[in-house]
Amino acid sequence: MVRASLTVDVEEDIPPFFRSFKGIEKGLPKILSTFNEFGIKATFFVTAEVCEKFPDIIRELADEHEIACHGFRHERLDGLELPALHRTLSTATDKIANTAVEKPVGFRAPRLRVSERLLRALADLGYNYDSSVSVWHPWQRKFVATAKKIGIKELPISIDNTMLRIPMGMDLARTQLGRDPLIVFMHPWDAINIRRERLGRSEAPWRASIFWNSIGAGERFLRNLRSLISMMLKKKAEFVLARDL
Ligand SMILES: [Zn+2]
């Protein structure tokens, strides 16, 4: 049996490119109805900003699922010194705890940019686990050992949103199905048709990245999410909240 957690980073649309929240407004309900269809409880890494803008949605999520922390405004934290990290993380933690009516114990770094100082600050603030490392980012591997040394659990992501959108991505996802625990990573904006939504103006150097993130977003993503869950169930995966791993 494999223990698996489905995790969703709840933030603005394709950060840092847009300041819209169409993913939360239109994509999140579709992801939730997919989870409900299979009776799955999941973990949502939310920014404090999203708690300010959508308190009712976060409160409703908190009734059924786990709410964890994804920073204050999706700003990168890996370059900050310890005192600044303590400040920004405790403000974000309080905001999220007040909205969700439960203190978050899990964290995922905005843009998956983790650092030793960040892990240390999380441990200082009483966090139990971090899930910012990806098994597909070899340069991050050292942080698994760092986290262990600091005394915080690291839960590496093994199936990411891109695999659920691009051609052949599901073949890559399939190679991870035996992993325990198995962490799947996605965003509300993966579930909207990014090209059709017209998220606003973007600067020319960003266009390639936005194009990349729009491939397969919306219908294909949702179809693949459903088939991934079915594949995982065939492998007798047990879906649990990340905090219970
Ligand atoms: Zn994020």
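Here is a quick tour of this predicted model, from the overall fold down to a few residues and one strand.

**The whole protein**

Start with the big picture: the protein has 10 helices and 8 strands. Its radius of gyration is 17 Å, and the globule rule gives 18 Å for 245 residues, so the protein is as compact as a globular protein of that length. If you want a box to go with that, the C-alpha trace covers about 45 × 45 × 35 Å along its principal axes.

Burial comes next: 44% of the 245 residues count as buried. As for how the chain meets itself, take the contacts between residues at least 6 apart in sequence; 74% of these join residues at least 24 apart.

**Two helix residues**

Now for a pair of residues that sit in helices. E52 belongs to helix α2, which covers residues 48-53, while L122 is part of helix α5, residues 116-124.

Is each one buried or exposed? E52 counts as partly exposed, because it has 13 C-beta neighbours inside 10 Å. That places E52 between the cut-offs, since 12 or fewer would make a residue exposed and 20 or more would make it buried. L122, on the other hand, is buried, with 27 other C-beta atoms within 10 Å.

What does L122 touch, leaving aside residues up to four places away in sequence? The list is F107, Y127, D130 and I152.

Sequence separation and distance in space can be set side by side for two pairs, one for each of these residues:

| Pair | Apart in sequence | C-alpha to C-alpha |
|---|---|---|
| E52 and I96 | 44 residues | 8.8 Å |
| L122 and L225 | 103 residues | 31 Å |

So much for the helices; on to a strand.

**Strand β7**

Strand β7 takes in residues 182-186 and is mostly covered, with 5 of its 5 residues buried. Which side chains go which way? L182, V184 and M186 point one way from β7, and I183 and F185 point the other way. Both sets are buried, as every residue named here is.

β7 also has a partner: strand β1, residues 2-10, is joined to β7 by 5 bridges, and the two run parallel. For a concrete spot to look at in the viewer, find A4, which stands opposite L182 in β7. L182 is thus a handy place to pick up the strand: it is one of the residues pointing the way that V184 and M186 do, and A4 faces it across the pairing.

Terms used. Residues numbered from 1 in each chain as written. Predicted model: local features only at pLDDT ≥ 70, side-chain atom pairs only at ≥ 80, totals over all residues. Helix = DSSP H or I, 4+ residues; strand = E, 2+ residues; numbered from the N terminus. Rg over C-alpha atoms; globule rule 2.2 N^0.38 Å. Contact = placed C-beta atoms within 7 Å. Pairing = 2+ DSSP bridges.
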